[in-house]
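Hi everyone, thanks for making time for this one. I'd like to walk you through a structure on the screen, so please have a look at it while I talk.

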Amino acid sequence: MDLENDLRLTRHEWETLKTIGGVHRDCHGLDDAAISALVASDLAVVTPDGPTITAMGRRVVVRGSPQLWSFC
């Protein structure tokens, strides 16, 4: 099983993941439920500075979420 390809992110989770992985991230007003789901999936961690994307989260952003391919 390839966990990265088996992930099914909602649109909120996807946008939150892209936001916390950005260079100029603005973490104000992020969806707490989306952050919790990303942390549970090992795509993000919560640090004293706020949520941060993990290495696996970066790979998911680069590849894209297969569930969202039909939205493009």
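I'll go from the overall layout to the helix packing, then the core, the strands and a couple of local details.

First, a reminder that what you see is a predicted model. The protein has 72 residues, and 33% of them count as buried. Its secondary structure comes to four helices and two strands. If you read along the sequence, the pattern is α-α-α-β-β-α. For those of you who like contact statistics: taking contacts between residues at least 6 apart in sequence, 54% join residues at least 24 apart.

Let's turn to the helices. How do the axes of α2 and α3 cross? They come within 9 Å of each other, and the crossing angle is roughly 80°. An angle from 65 to 115 degrees counts as roughly perpendicular, so that is the label for α2 and α3. On the α2 side, the residues that meet α3 are His-12, Glu-13, Thr-16 and Leu-17. Their counterparts in α3 are Ala-34, Ile-35, Ala-37 and Leu-38.

Leu-38 deserves a second look. Leaving aside residues up to four places away in sequence, Leu-38 touches Leu-9, Glu-13, Thr-16, Leu-17, Leu-43 and Ala-44. Leu-38 also turns up in the largest nonpolar core, which has 13 residues. Which members of that core touch the most other members? They are Leu-9, Leu-17, Ile-20, Leu-38, Leu-43 and Val-60. The elements giving two or more residues to this core are α2 (11-20), α3 (32-40) and α4 (55-63). The largest share, three residues, comes from α2.

Now to the strands. β1 covers residues 44-47 and β2 covers residues 50-53; the two run antiparallel and are joined by four bridges. A hairpin through two residues links β1 to β2. If you want to trace the register on screen, start with Ala-44, which stands opposite Ile-53. Then go to Val-45, whose bridge partner in β2 is Thr-52. Ala-44, you may recall, is also one of the residues that Leu-38 touches.

Just before the strands there is a small backbone detail. Asp-42 sits in the loop between α3 and β1. Its phi is near 65°, a positive value in a residue other than glycine. For context, most residues other than glycine have a negative phi.

Last stop: charged side chains. How many salt bridges does a search of the whole structure find? The count is one. Its partners are Glu-15 and Lys-18, whose side chains meet at 3.3 Å, N to O. Both belong to helix α2, and because they are three residues apart, about one helical turn separates them. Are these two side chains' residues buried, exposed or in between? Glu-15 has 35% relative accessibility, so it counts as partly exposed. Lys-18, at 36%, is also partly exposed.

That's my tour. Thanks for listening, and I'm happy to rotate the view for anyone who wants another look.

Technical notes
Residues are numbered from 1 along each chain as its sequence is written. This is a predicted model: local features need pLDDT of at least 70, side-chain atom pairs count only at pLDDT 80 or more; totals for chains, interfaces and linings use all residues. Side-chain values use heavy atoms; hydrogens and water are left out. Two strands pair if DSSP finds at least two bridges between them. A nonpolar core is a set of buried Ala, Val, Leu, Ile, Met, Phe, Trp, Tyr and Cys residues joined through side-chain atoms within 4.5 Å. Buried means under 20% relative accessible area, exposed over 50%, partly exposed in between (1.4 Å probe, protein chains only). Contact means heavy atoms within 4.5 Å. A salt bridge is a side-chain nitrogen of Lys or Arg within 4 Å of a carboxyl oxygen of Asp or Glu. Axes are lines fitted to C-alpha atoms, for helices over the stretch in contact, and angles run from 0 to 180 degrees between N-to-C directions. Angles under 35 degrees count as roughly parallel, over 145 as roughly antiparallel, 65 to 115 as roughly perpendicular and the rest as oblique.
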